[in-house]
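Trainee: I'd like a close look at one small part of this structure, please. Pick a spot to start from and lead me outwards from there.

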Amino acid sequence: MLHPEYMLLLYTEHDTVFVHSRLAPLLHGRRPFRWTSAELRLPVDELDCFSRARASGSPQGAHDEVPVDFLREWALRLHPLDALSLVAGNLTDMPEAATADEPVLERLDL
């Protein structure tokens with residue numbers, strides 16, 4: 001959605017950082033991060049970042065309700081139509097879904 005004006009620079013379990021495309025050539029081939037000696041290669045592969053990122057429990061998401069391994073399977077290993085029934089099954093099993101006035105699938109407008 002941000003391309004071509006912005007490019008993914010960094011993706012971790014807590015942060016996602018984008019760089020303006022005009023600045024990307026200044027970073028390509030450099031070592032901008034203290035924690036690695038690897039040279040930055042742009043464009044960064046978003047799916048590769050997501051598949052290799054560590055997952056941690058965080059107030060930003062409901063990791064204890066939907067395991068991260070499930071999310072990765074749905075996003076990376078399955079066809080979207082095959083994943084949809086698994087996603088729906090997990091959402092309807094969530095505690096808040098049982099108390100909602102309308103079914104989860106109707107709220108998701110599927």
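Mentor: Let's start at A24: leaving aside neighbours within four places in sequence, A24 is in contact with M7, V19 and L42. Keep in mind as we go that this is a predicted model. A24 and those three partners all belong to the largest nonpolar core, a group of eleven residues. The other members are L8, L9, L10, F33, L40, V44 and C49. Strand β1 gives the most to this core, with four residues. Such a grouping fits a broader pattern: in soluble globular proteins, nonpolar side chains tend to be buried together.

Now let's follow β1 itself, which covers residues 6-11. Its partner is strand β2, residues 16-20, and the two pair in the antiparallel sense through five bridges. Four residues lie between the strands, and together β1 and β2 make a hairpin. Look at one matched pair across it: Y6 stands opposite H20 in β2. Is H20 buried or exposed? H20 has a relative accessible area of 19%, and the cut-off for buried is under 20%, so H20 counts as buried. Apart from residues within four places in sequence, H20 touches E5 as well as Y6.

Y6 leads us to the surface too. Together with L2 and F18, Y6 makes a nonpolar surface patch of about 270 Å². L2 comes from the segment before β1. L2 counts as partly exposed because its relative accessibility is 41%, which falls between the 20% and 50% limits.

Next, find the charged side chains of R31, E39 and R41, which are linked in a network of salt bridges. E39 takes part in both links. With R31, E39 forms a salt bridge whose closest N and O atoms are 3.5 Å apart. With R41, the side chain of E39 meets in another, at 2.8 Å from N to O. The structure holds two salt bridges. How do these residues sit relative to the surface? R31 counts as exposed because its relative accessibility of 53% is over 50%. E39, at 33%, is partly exposed.

Finally, let's step back to see where our spot belongs. The protein chain has two strands and six helices. Along the sequence they follow the pattern β-β-α-α-α-α-α-α, and the hairpin we traced is made of β1 and β2. Of the 110 residues in the protein chain, 21% count as buried. The protein chain exposes about 8500 Å², and carbon and sulfur atoms supply 55% of that area. Among contacts with a separation of 6 or more, 29% join residues 24 or more positions apart.

So when you turn the model yourself, begin at A24 with its contacts M7, V19 and L42. Then go across the hairpin to Y6 and H20, out to the patch with L2 and F18, and end at the network of R31, E39 and R41.

Terms used: Residues numbered from 1 in each chain as written. Predicted model: local features only at pLDDT ≥ 70, side-chain atom pairs only at ≥ 80, totals over all residues. Heavy atoms only, no water. Patch = residues over 30% accessible without salt bridge, like charges linked within 9 Å, V, L, I, M, F, W, Y side chains within 5 Å. Areas by Shrake-Rupley, 256 points an atom, 1.4 Å probe, with all protein chains shown as cover. Salt bridge = Lys/Arg side-chain N within 4 Å of Asp/Glu carboxyl O. Buried < 20%, exposed > 50% of the residue type's maximum accessible area, 1.4 Å probe, protein only. Core = buried A, V, L, I, M, F, W, Y, C linked by side-chain atoms within 4.5 Å. Contact = heavy atoms within 4.5 Å. Pairing = 2+ DSSP bridges.
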